Amino acid sequence: MKNILFLGPPGSGKGTQAKMLADYLNIPTLSSGDMLRDEVDRGSELGKKIKTYMQSGDLVPDEIIILLIKNFLVQKHLNGFILDGFPRNINQAYSLEKMFLEIGKSIDRVFNFEVPDDVLIKRILGRYSCKECGSIYNTYFKPTSRLGICDKCNSDKLEYRKDDNEQVLKNRLLVYHKSTFPLIDFYQKKHLLISIEAVKSSHIVFDVLKNSL
Ligand code: AMP
């Protein structure tokens with residue numbers, strides 16, 4: 001039971017849970033958002049195009065993300081993985097089914113992380129992370145113990161995500177409700193979905209997640 005999808009609105013903590021579960025199961029996690037940010041950081045032509053969508057909180061076009069995910073899945077002979085943030089709409093879900101068919105894999109579980117919009121807003125606007133080690137913090141809920149210094153690796157390379165401002169957030173939530181939310185029903189009908197209430201602290205949520213594996 002190791003090919004796992006993570007669904008959830010922006011700020012639901014699915015990225016944190018994906019990393020925790022990946023460590024626990026000793027499998028890699030692939031975040032579509034991180035993958036796109038890497039492409040933007042590389043400054044390629046594709047990265048420049050991707051940046052305009054990410055900055056406004058819209059989804060990047062399906063053909064771009066589908067190709068990136070496909071390259072990842074085909075090149076690496078993975079024995080289990082977590083896909084965090086993909087698929088994000090029904091079209092991507094169908095493409096993923098097709099890809100899995102081609103590489104002889106199937107989806108074993110889909111976890112859906114549930115958090116009300118008002119909590120999401122605080123989580124997202126307060127969120128920052130360490131560029132060096134990837135640790136995630138929050139101004140409201142979990143600040144670093146020393147201002148501007150990462151607790152884990154002592155780096156001062158802490159930064160807010162560029163797509164985390166209020167206007168962009170509103171659009172990201174809108175996009176989530178319109179495009180991604182229908183996937184809950186989609187995977188429920190396939191009897192793959194497990195919904196996790198994800199308001200509590202990450203360790204409590206992780207215990208629930210582990211117990212529902
Ligand atoms: P995330 O880090 O998952 O919150 O994603 C950040 C941004 O990357 C989103 O607001 C989208 O612009 C883009 N993105 C991430 N995953 C996808 C996807 N599966 N399809 C299209 N765009 C995506």
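## Around the ligand and into the core

By class, the shell around the ligand is made up of 7 charged, 6 nonpolar and 4 polar residues. Please keep in mind as you look around that this is a predicted model. Of the 17 residues that surround the ligand, the ones that come nearest are S32, D58, G85, Q92 and R172. Helix α2, which spans residues 32–42, gives the largest share of this shell, with 4 residues.

Three pairs of atoms are worth finding in your viewer; the table sets them side by side.

| Residue | Protein atom | Ligand atom | Distance |
|---|---|---|---|
| S32 | side-chain N or O | nitrogen | 2.7 Å |
| D58 | backbone N or O | oxygen | 2.6 Å |
| R88 | side-chain N or O | oxygen | 3.1 Å |

Taken alone, the ligand would expose 480 Å², and the protein buries 96% of that area.

Now for the nonpolar interior. The largest nonpolar core holds 32 residues, and I69, L73, L96 and Y187 have the most contacts inside it. Several elements supply at least two residues each to this core: strands β1 (3–7) and β3 (81–84), together with helices α2, α3 (45–56), α4 (62–75), α5 (90–102) and α8 (182–189). The largest share comes from α4, with 7 residues. As a general point, nonpolar side chains tend to be buried together in soluble globular proteins.

Y187 is a good place to begin exploring. Leaving aside its neighbours within four places in sequence, Y187 is in contact with L5, L7, P87 and A93, and also with I107, V110, L192 and L193. Apart from this core lies another one, of 22 residues, including L25, V119, L169 and L209.

Let us finish with L83, a residue of strand β3. Is L83 buried or exposed? L83 counts as buried because its relative accessibility is 0%, and the cut-off for that label is under 20%. Not counting residues up to four places away in sequence, L83 touches I4, L5 and F6, as well as L30, I69 and L96. Two of these partners, I69 and L96, are listed among the residues with the most contacts inside the largest core. L5, for its part, is in contact with Y187 and also touches L83. How far apart are the C-alpha atoms of L83 and L73? They are separated by 10 Å, and the two residues are 10 residues apart along the chain.

Terms used. Residues are numbered from 1 along each chain as its sequence is written. This is a predicted model: local features need pLDDT of at least 70, side-chain atom pairs count only at pLDDT 80 or more; totals for chains, interfaces and linings use all residues. Side-chain values use heavy atoms; hydrogens and water are left out. A residue is near a molecule or strand if one of its heavy atoms lies within 4 Å of it. A polar contact is a pair of N or O atoms within 3.5 Å; within protein, one must be able to donate a hydrogen and the other to accept it, and residues adjacent in sequence count only if both atoms are side-chain atoms. Accessible areas come from the Shrake-Rupley method with a 1.4 Å probe; for residues, only the protein chains shown count as cover. Ala, Val, Leu, Ile, Met, Phe, Trp, Tyr, Cys and Pro count as nonpolar, Asp, Glu, Lys and Arg as charged, and the others, Gly among them, as polar. A nonpolar core is a set of buried Ala, Val, Leu, Ile, Met, Phe, Trp, Tyr and Cys residues joined through side-chain atoms within 4.5 Å. Buried means under 20% relative accessible area, exposed over 50%, partly exposed in between (1.4 Å probe, protein chains only). Contact means heavy atoms within 4.5 Å.
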